Amino acid sequence: MSGSSESASTEPVAHPELFDKVVNLTKRRGFVYPSAEIYGGFRSTYDYGPIGVLLLRNVKDAWWRSMVQLREDVVGLDASILSPPQVWEASGHLANFTDPLVDCTNCNTRWRLDKLEDPEVCPNCGARGKFTEPRQFNLMFKTQAGPVEDAAAIAYLRPETAQGMFINFKNVIDTTRVRPPFGIAQVGKSFRNEITPGNFVFRTREFEQMEMEFFVPPDDAQQWYEYWCKERYQWYLDHGMPEQLLRLRPHDDDELSHYSSGTSDVEFLFPWGWDELEGIANRGNYDLTQHANHSGEKLEWYDQAANERWIPHVIEPAAGATRTAMAFLMAAYDEEEVKGETRVVLRLHHRIAPYKVAVLPLSKKVELSDPARALAQQLRGSFMTDYDETQSIGRRYRRQDELGTPYCITFDFDSLEDHAVTVRERDSMEQERIAIAEVEAYLRERMA
Ligand code: ATP
């Protein structure tokens, strides 16, 4: 992997040059475009192109599969993005969801104080001691719901998906058969008016999150916290992240929020160093208690067998989908020498790869393109399938390598006689001749 290499001390090393290579590839191949580019772009917002939308969807689907589909104890939710101030009053976001902002009086740039390498030095102009006193800046986007601009119309775009789960806790326990320990999971957009967005899609003002709130009996919280830390770390490994690029970092006491008795971050070695992909927090009963107090609804569990009422404690694994998609790209990017040429390949896990297979007829002639198209159409029922008949076969392989497509199928003139095709595997570039009738089963077996 070129995402990182081992140094003599076996400490993994970040590769700053990887950043531009991956960003260029994503633009060149239709993963990500700067938003409103024909108007000069818009403030660190991005659009996911035809390939990127597949990648991002695969990241979210892989998460949903592990967190909801394969589990008996987690159910899903899709809550609204617009919400009234009461929700954010109760959650503490109106008062506390702030970052410390400083202005450089020398060059008039704004910075988030807690992310500065040296809190005295402006990273833009290098001036020392020229910052204003820090002020707390609330990161929530405020808007109005409806045509009348008055206080009653104020609404916020959610800065996290989590509150949707807390405010629907009662709905879910009243309308389904879940009982603690159980979770509610959600994937969706969140919005934060970040002071310094940057590093491509790592930090943007509009992004997607994958969050799950797991409600447990109070005495079991620590045990479930440890369980979810392990489980979430393993998820990244299971989807192809190399172990040396991943670590689980417990927060120091001074990093913990006042209600959390434990938080750990899953961190990835980005080109600029270790940074967060996901936080797993033991949140106690803070959230349900706050919403119960503010709404007047009882948000608790009645354990009939023991005739006891208690407020569940919550373990929250909160991940970023857009940020994780970027990390998968960084981890998968590789270059190697093949026959005197550099081959760029994304060694993505098959579940994350945008296309699973590409069908490539050796010639554009209809005698080949017709049956090749028919095979592609058949495969589309089971796999995201690309079809490409332009340029030389070598160039078409290179293109699919850059998209991370695990298998390419070449349909040649012999195929008309032997009813077989050549299947090329992305990483090893090994080729196998497979009967056309067997192709679907062959792929299914390798991408289970
Ligand atoms: P940070 O300290 O980087 O601002 P955070 O600790 O506030 O992040 P959480 O509130 O724990 O982040 O959000 C959970 C996850 O959502 C993060 O681990 C990250 O993957 C993702 N995330 C948060 N903010 C952004 C953002 N502005 N852009 C992209 N992803 C984000």
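**Notebook: F268, the cores and helix α9**

Entry 1. I began with F268 and listed its contacts, leaving aside neighbours within four places in sequence: M241, L245, L246, G273, W274, D275, L277, A327, M330 and A331. I note that the model is a predicted one.

Entry 2. I then asked which residues have the most contacts inside the largest nonpolar core. They are M241 and F268, and the core itself has 62 residues. Helix α9 gives the most to this core, with 9 residues. I recorded the general tendency that in soluble globular proteins nonpolar side chains tend to be buried together. Apart from the largest core I found another, of 19 residues, which includes Y407, I409, V423 and V439.

Entry 3. I turned to helix α9, residues 321-332, and to its packing against helix α1, residues 17-28. The two pack at an angle of about 110°, and their axes lie 10 Å apart. Because angles of 65 to 115 degrees count as roughly perpendicular, α1 is placed roughly perpendicular to α9. The crossing of α1 past α9 is right-handed. On the α1 side, I listed L18, F19, V22 and T26 as making the contact; on the α9 side, M326, L329 and M330. By class, the residues of this contact are 6 nonpolar and 1 polar, with no charged residue.

Entry 4. I looked up a second partner of α9, namely helix α2, residues 52-69. The packing angle is about 110° and the axes are 9 Å apart. That makes α2 roughly perpendicular to α9. From α2, the residues L55, L56, V59 and K60 take part; they meet A321, T322, T324, A325, F328 and L329 of α9. How do the residues of the contact of α2 with α9 divide into nonpolar, polar and charged? I entered 7 nonpolar, 2 polar and 1 charged. I also noted L329 of α9 in both lists, in the contact with α1 and in the contact with α2.

Entry 5. I next examined Q244, which is located in the loop between α7 (221-238) and β14 (246-250). Its relative accessibility is 29%, so Q244 counts as partly exposed. Which residue did I find 6.3 Å from Q244 in space, C-alpha to C-alpha? It is P12, although Q244 and P12 are 232 residues apart in sequence.

Entry 6. I then checked the backbone for notable geometry. The peptide bond from P180 to P181 is cis, with omega near 0°. I placed P181 in the loop between α6 (169-175) and β12 (182-191).

Entry 7. I looked up two residues with positive phi. F200 is not a glycine, yet its phi is positive, at about 60°. F200 belongs to the loop between β12 and β13 (206-216). Is F200 buried or exposed? With a relative accessible area of 10%, F200 is buried, since buried means under 20%.

H419 likewise is not a glycine and has a positive phi, of about 50°. I located H419 in the loop between α12 (413-418) and β25 (420-425). The relative accessible area of H419 is 52%, and H419 is therefore exposed.

Technical notes: Residues numbered from 1 in each chain as written. Predicted model: local features only at pLDDT ≥ 70, side-chain atom pairs only at ≥ 80, totals over all residues. Heavy atoms only, no water. Axes fitted to C-alpha atoms, helices over the stretch in contact; angles between N-to-C directions. Helix = DSSP H or I, 4+ residues; strand = E, 2+ residues; numbered from the N terminus. Parallel < 35°, antiparallel > 145°, perpendicular 65-115°, else oblique. Left-handed = near helix turned anticlockwise from the far one by under 90°. Contact = heavy atoms within 4.5 Å. Nonpolar A, V, L, I, M, F, W, Y, C, P; charged D, E, K, R; others polar. Core = buried A, V, L, I, M, F, W, Y, C linked by side-chain atoms within 4.5 Å. Buried < 20%, exposed > 50% of the residue type's maximum accessible area, 1.4 Å probe, protein only.
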